[in-house]
Amino acid sequence: MIKNESDTPKTVSVLVPMPAETAYSYSVPDDMNVKVGSIVRVPLGPREVAGLVTNEANSDSKVAAKKLRPISEVFDCPQLPADMMRFIHFVSDYTLSPPGMVARMALRVPAAFDPEPAIAGLRYCGGKVEKMTAARIRVLELAQNGLAWTKSGLAHAAGTSTSVVEGLKNSGIFEEIEMPPPPVVALPDPDYSSPTLEKAQKLAADKLIEAVDGDCFKVLLLDGVTGSGKTEVYFEAVAQALEKGKQILILLPEIALTQQFLDRFESRFGAPPAEWHSDLTPKQRERVWRQVIEGRIRAVAGARSALFLPFENLGLIIVDEEHDTAYKQEDRVFYNARDMAVARGSFGGFPVILSSATPSVESKVNALQGRYQAVHLPSRFRKAALPDLRAIDMRKNAPPSGRFLSPPLELAMREALDRKEQALIFLNRRGYAPLTLCRVCGHRFQCPNCSSWLVEHRFRGQLMCHHCGYHEPIPEACPECGTLDHLVACGPGVERIAEETLKLFPEARILVLSTDLIGGVKRLRLELEAISKGEVDIVIGTQLVAKGHHFPGISLVGVVDADLGLSNGDPRAAERTFQLLSQVTGRAGRTGLKSLGLIQTYQPEHPVMQAIVSGDSEAFYKREIDERARHNLPPFGRLAALIVSSESRSDAEAHARALRQAAPSANEISVLGPAEAPLALVRGRYRFRLLLQGSRRADMQSFIRAMIARGPKIRGTIRVQVDIDPQSFI
Ligand code: ADP
Ligand code: ZN
C-alpha cells in the first residue's frame, strides 16, 4: 500500500525476509521514487535487508508515518511485474507461508539487485599508425568496421596477443568505450532447425501453438508414451512464444537431466537456454536473475525454484515430467511447482503445458473433465516399438540365496551382452544394504537422531542415515556384543546389485548411478553421456536413471524389486509405482531396437503389474480414478497435513492434541490424528501428524488458519509445519 496524504510523509508496505504474517511499514524519503514491485533496502532490527514493496495492507499501517523508519535505498533494478507480485501473495495464501518468506524465494540473489558492471571496450576511431606489423594489420582489418571489441576478444580474433592491441591503443587509434555486460546465453532462434513432424505430432504441435497464439491462460496436458516426441512437439510451442517476443520457462524435475536437454534445445534453437538450479555458482545465479528481469534472457530451463525468477514478459511455462515428485518442495515453504506453475500462468494470462508419459491422476482428471486441454501423442516416433514387458514371478523364480537377480533376468542380461546391447538394472535404493545387523546378538544399526536404520554404503565404507546425513564407519565388531566379523547386510541396494552383477559378468563394463556418486553433477553428466555413447554395458541405477534420459543403446531393462514402493501407506503408492515402472522400462528400445523389460515381483497379479505388463495404462487410470473418487481422495477431495515436531516427544504430542481440539467444526472437513509420524524422529525432533481431509470445495486454508489461531501458543522447540496437498505421508 502506498499512501501519500498531503503533509504526512509517504509510507509503503514492504515484505521482508521474515516469518511475519504481514508486510512491514516504512516511510519513503521525499526524493525517493518507489512503486509496487520495487526492491528496496530497509532497516530491520539492527540489520539491513532487501525487501519487496507490496500493495498488501499490513498490521502496523496505523503507526504514525513520522515514527516509521525510512527506506534506505531503492535498488537500481526493474520492479517485479504485477503478475509476479500477485503470484507471491497467492503462494503465501495457498501454502499458509508468511509472505515475506515467499518473497525471499524471489529475492534470493541480492547481488543481482545492482546492475551488472559494464565492460571496458575499444572502438576504432581512426588515426595514423607508425610501424605496421603483420599482427597490427590483422587487428586493424578487424577493427576498422567500427564495431566495439574487448581487448582480449580483438586480440583473440586477430590471432595475436593483447599487447599488440595495447600498443595500437597507445598510438591513439582506439577510443575507450563501455560495453553492455555479455549475455549469459545467445538469443534462441525459433527457425534455427525445425524438425519434420509426423502427422500426429503436427496435430499436437498445432494445438500447442494455437494456445500460445491465444495469449491467454489455459492448461494443456501433453501426454504420450516415452519416446513419442513430446519434447520435440513442445519445442514448437517454444518457437512460437519466441516469435512473439515472449520469455519461456521450462521446468525439469532433475538437474541430472539438464545436460541432454540443453544440448537438444541448442540443436533446435541455435543457442542453449539459461540454466537455473542449485548447482550454479553465485556469479552465474546473479547474472541469470538480472538478465531475466531485464528481459535479456528469453528461455530458462530450471528446477522448481525457477518459478520464482522475475520474468518481465513470461509467455509460456512447460512443466516436463509433470507427475514427478521432485516438483514438491518440502522445506520452509511447502509447495508443488507444477500446481504453482498453473497459478503463475493464470495471473500472467498465458498457457501452461504439462508434459508426461504418465500424468498424475490429478492432471488426468482435470483433462477428462475438460479443465485442461488434452493433447495426445499415440505412439513412439518412427513407430519404434515399446519394450516387450513381462513380470517375473519371484515366488517361482527365486534367485540363489543371498542373490537378487532371478535366473530369467540373468539370462536376458547375458543375451543383451552377447548382442553387444546395453542393459539397465533398476533398484530404487541407494547404498549396499538397507539394514545391517549382528548375526550373534541381533543388534541393528540405527541412526542416533532419527527413527531409521543406517544404510550401508560399502564403496564409502560407511553406515549412513538417509534422513539426516549422519554417518559412521562400518565397524568390524558389533558395538553391542563385541563379536568380530559377524555383521550381515540385509536386503539389496544398488551397490550390492553391482557386486552380484560383477560376479556374474566379470567381463562387462558396469556403472552404478545414484545420487551418491562422488564428483557431483559434473561427474553424473559425464557418466550419462558415457551411457549414451555405449561406453557402458550394464547400468545399475536408482530412480535417477529412470527419468527422461535418452539412451539409444538400451535394449533390456530389469526391475529388481517392483514391489518396493507399494506398501508404504501412501495413497498414491500405486500411481507412483506405475509411473516409475513405466518411466524406467521406457528407457529401452527408444531407437527401434527390439527391447525387453523384466519386472521382478512377488505380486504379479497386482493391478499395477498388470497395467505395466499389458501396456493398458488407460485401464489403470480408470481404476485408480474410481478408487480416488470413492474415497474422496485428491483430486475429488482435498488433503492437508499438519506436522508438529519438537525435541520433546511429550510436548509434540500434547501440542498436536491441543491443535486437534482447536479445530473449528465444519461439515466438509474432518481431522484425523494426531498420530505419531511413520518417521517418528528426524534430526532429533519427534514428529506427530494430523491429516485433514475435505471435500473439493472445502476452504482448507481458512480452516487451518482458524485451527492455528485458536490452538495453543508455540512453546519451546515446537514447530508446526503446514503441508497443503501433501505428497509425502511419512
Ligand atoms: P519424449 O519426450 O516423448 O520421450 P522425445 O521428444 O525425446 O520424446 O523423442 C524421442 C526421440 O525421437 C528423440 O531422440 C527425438 O529427437 C526423436 N524425435 C521425435 N520426433 C522427431 C521428429 N519429428 N523428427 C526427428 N526426431 C524426432
Ligand atoms: Zn538420521
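# Exercises on burial, ligand contacts and salt bridges

Glu73 is partly exposed, with a relative accessible area of 25%, where buried means under 20% relative accessible area, exposed over 50% and partly exposed in between (1.4 Å probe, protein chains only). The model is predicted, so that local features need pLDDT of at least 70 and side-chain atom pairs count only at pLDDT 80 or more, while totals for chains, interfaces and linings use all residues. Residues are numbered from 1 along each chain as its sequence is written, chains are lettered from A and ligands numbered from 1 in the order in which they are written, and side-chain values use heavy atoms, with hydrogens and water left out.

**Exercise 1. Determine which salt bridges Arg41 forms, and state how exposed Arg41 is.**

Step 1. Recall the criterion: a salt bridge is a side-chain nitrogen of Lys or Arg within 4 Å of a carboxyl oxygen of Asp or Glu.

Step 2. Apply the criterion to Arg41. Its side chain meets that of Glu48 at 2.1 Å, N to O, and that of Glu73 at 2.7 Å, N to O.

Step 3. Place the second pair in the chain. Glu73 belongs to strand 5 (residues 73-74) and Arg41 to strand 3 (residues 39-44), so this pair ties together parts that are 32 residues apart in sequence. Helices (H or I, at least four residues) and strands (E, at least two) are DSSP runs, numbered from the N terminus.

Step 4. Classify the residues. Arg41 counts as partly exposed because its relative accessibility is 28%; Glu48 is also partly exposed, at 40%.

**Exercise 2. Find the salt-bridge partner of Lys169, and then examine the whole structure.**

Step 1. Lys169 forms a salt bridge with Glu176, their closest N and O atoms being 3.6 Å apart.

Step 2. Glu176 is exposed, because its relative accessible area is 59%.

Step 3. The search of the whole structure gives 44 salt bridges. Glu362, Arg572, Glu575, Glu624 and Arg628 are linked in a network of salt bridges.

**Exercise 3. Describe the surroundings of ligand 1.**

Step 1. Identify the neighbours, a residue being near if one of its heavy atoms lies within 4 Å. There are 15 residues around ligand 1, of which Gln201, Gly227, Lys230, Thr231 and Arg264 come nearest.

Step 2. Assign the contributions. Helix 7 (residues 230-243) gives the most to the shell, with three residues.

Step 3. List the distances to oxygen atoms of ligand 1. A polar side-chain atom of Lys230 lies at 2.7 Å, a backbone N or O atom of Gly227 at 2.8 Å, and a polar backbone atom of Ser228 at 3.2 Å.

**Exercise 4. Decide whether Ala384 is buried or exposed, and name the residues that it touches.**

Step 1. Locate the residue: Ala384 lies in the loop between strand 17 (373-377) and strand 18 (388-393).

Step 2. Ala384 counts as buried because its relative accessibility is 12%.

Step 3. Not counting residues up to four places away in sequence, Ala384 touches Gly589, Arg590 and Gly592; contact means heavy atoms within 4.5 Å.

Step 4. Compare sequence and space. Ala384 and Thr226 are 158 residues apart along the chain, and 11 Å separates their C-alpha atoms.

**Exercise 5. State how many residues of helix 2 are buried, and what covers them.**

Step 1. Seven of the eight residues of helix 2 (residues 99-106) are buried.

Step 2. These are Pro99, Gly100, Met101, Val102, Ala103, Met105 and Ala106.

Step 3. Their cover includes strand 1 (10-15), helix 1 (82-95) and helix 9 (282-293).

Technical notes. A polar contact is a pair of N or O atoms within 3.5 Å; within protein, one must be able to donate a hydrogen and the other to accept it, and residues adjacent in sequence count only if both atoms are side-chain atoms.
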